[in-house]
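Trainee: I have this model open on my screen and would like a close look at its nonpolar interior. Could you take me through that part slowly, and then show me what lies around it?

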Amino acid sequence: MDTNLIVSIKPSLSLSSILYTSLQIIGSAVVVVVGALVLLSWKRSSRSGPPAPQTPKGPIALNPKEKIPFELISKQEVSHDTRRFRFKLQTDKHVLGLPVGNHMYLTAHINGELVIRPYTPVTSNDEIGYFDLVIKVYKAGVHPRFPDGGKMSQYLDSLKIGDTIDIRGPDGKVSYLGRGYFKLRKTGEVIFAENVGLIAGGTGITPMLQIIKAVLKDEDDQTKVSLLFANQTEDDILVRSELEWLAKQHHNNFKLWYTLDRPPEEWKFSSGFVNDEMIATHLPPPGKKTLILMCGPPPMIKFACLPNLNKLQYTENMYVAF
């Protein structure tokens, strides 16, 4: 290198010009960083509406006006009173076609009586050729308040491989469209929520699981979901391992909390009926971007959920009972 050239340049660089140039460089960097942060913030906060409906992966199996028989192809014993039933769709190319958060009606003639019950599968439209139901079987003579047990759950438990059950659907008060958008069937209104609180009781967990999985599988869905799951005993907690795996894998977007009527010793979660303290601690606070969804036994909704939501200043447009 020509040292004379270096010597000749140095005198021409004053301290003020060096500082000015440095400030220009720093200023440009700040502008770039701030611009990037603003753009990122805008992308996160801007709402262009729900994502476009996805094209079904195959023909739709369900019909809202017609009962269709579906064949039982496997039955798994999850616990002493819980079963996982797998039913075959019309072909191995069909999808069930149940919107997220909806249910379908199972129909059967049991002891000369027409019995119709709503159920939501634990699988989604991502599965092709089949769907799964996880059902707690309520046996006769176990609970004094329900001496006959669960008519439909016992009937399903009696089915043999190859038997069929009639199903009609979909139906439901709320459908999750994705990325925080929900559609209310009664009004047709589409509402947006950044923070979603779910209160589930017993088998009411199944439509909630559909919503949770739909949120978490979409990397662009920034919705924060919190679940308060109420049961009588620890053994009654359906799909517990799946819920806890999801909470562990997606701890920034999904929070999970339990309450039990009859908890075991050293139970680290809540005990007793759903109350205001549980809601205030484990669900999002009231606000314009908060939505609380409830699904469970009618007494839980009527006497535990609604009074405590009202007590905490949630307004009627902030909650929906399935």
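Mentor: Happy to. Let's start with the largest nonpolar core, which has 38 residues. The members that touch the most other members are Phe-182, Ile-205, Ile-212, Leu-227, Leu-243, Phe-254 and Leu-293. Several elements each supply at least two residues of this core: strand 7 (174-178), strand 8 (181-184), strand 10 (195-201), strand 11 (224-231), strand 12 (254-260) and strand 14 (290-295), along with helix 4 (205-217) and helix 5 (240-249). Helix 4 gives the most, with eight residues. Please keep in mind that this is a predicted model.

Leu-243 is a good residue to click on. Leaving aside neighbours within four places in sequence, Leu-243 is in contact with Ile-205, Leu-209 and Ile-212. Leu-227, Phe-229, Leu-238, Phe-254 and Leu-256 are also among the contacts of Leu-243. Apart from this core lies another, of 24 residues, which includes Ile-68, Val-115, Tyr-119 and Phe-131.

Now for the strands. Strands 7, 8 and 9 form an open sheet in the order 7-8-9, with antiparallel pairing. Strand 7 and strand 9 (190-192) each have a single partner strand and stand at the edges, so one side of each is left without a neighbour in the sheet. On average, neighbouring strands here are turned by 30° against each other, direction ignored. Strand 7 and strand 8 run antiparallel and are joined by four bridges. To see the pairing on your screen, look for Val-174, which stands opposite Leu-184 in strand 8.

The loop between strand 7 and strand 8 holds Arg-179. Most residues other than glycine have a negative phi. The phi of Arg-179, however, is positive, near 55°. With a relative accessible area of 34%, Arg-179 is partly exposed. A second case is Glu-266, in the loop between strand 12 and strand 13 (270-271). Phi of Glu-266 is also positive, near 65°, and at 81% relative accessibility this residue counts as exposed, because the cut-off for exposed is over 50%.

Next, move to strand 3 (residues 103-110). Six of its eight residues are buried, so strand 3 is largely enclosed by the rest of the structure. Strand 3 pairs with strand 4 (residues 113-119) in the antiparallel sense over seven bridges. Within that pairing, Thr-107 has Ile-116 in strand 4 as its bridge partner. The hairpin of strand 3 and strand 4 has two residues between the strands, and Asn-111 in this hairpin takes a positive phi near 50°. Val-115, within the residue range of strand 4, is one of the members of the 24-residue core.

Strand 3 also pairs with strand 6, again in the antiparallel sense, over four bridges. There, Tyr-105 stands opposite Arg-168 in strand 6. Strand 6 covers residues 164-171 and contains Pro-170. Most peptide bonds are trans. The bond that joins Gly-169 and Pro-170 is cis, with omega of about 5°.

That stretch leads us to Glu-66, in the loop between helix 2 (15-45) and strand 1 (68-79). Not counting residues up to four places away in sequence, Glu-66 touches Ile-167 and Arg-168. Glu-66 and Gly-169 are 103 residues apart in sequence, but their C-alpha atoms are 8.0 Å apart in space. Glu-66 counts as partly exposed, at 46% relative accessibility.

Let me close with the whole chain. The protein chain has seven helices and 15 strands, and buried residues make up 39% of its 322 residues. Among contacts with a separation of 6 or more, 69% are between residues 24 or more positions apart. The accessible surface comes to about 18700 Å², and carbon and sulfur atoms account for 56% of that.

As for confidence, the chain averages a pLDDT of 89, and 85% of the residues score at least 70. Two stretches call for care in reading: over residues 1-12 the pLDDT is below 50, and beyond near neighbours in sequence this stretch has one contact in the model. Over residues 30-45 the pLDDT is also below 50, with zero contacts beyond near neighbours in sequence.

Definitions and conventions:
Residues are numbered from 1 along each chain as its sequence is written. This is a predicted model: local features need pLDDT of at least 70, side-chain atom pairs count only at pLDDT 80 or more; totals for chains, interfaces and linings use all residues. Side-chain values use heavy atoms; hydrogens and water are left out. Buried means under 20% relative accessible area, exposed over 50%, partly exposed in between (1.4 Å probe, protein chains only). Contact means heavy atoms within 4.5 Å. Accessible areas come from the Shrake-Rupley method with a 1.4 Å probe; for residues, only the protein chains shown count as cover. A nonpolar core is a set of buried Ala, Val, Leu, Ile, Met, Phe, Trp, Tyr and Cys residues joined through side-chain atoms within 4.5 Å. Two strands pair if DSSP finds at least two bridges between them. Axes are lines fitted to C-alpha atoms, for helices over the stretch in contact, and angles run from 0 to 180 degrees between N-to-C directions. pLDDT is the predictor's confidence in each residue, from 0 to 100.
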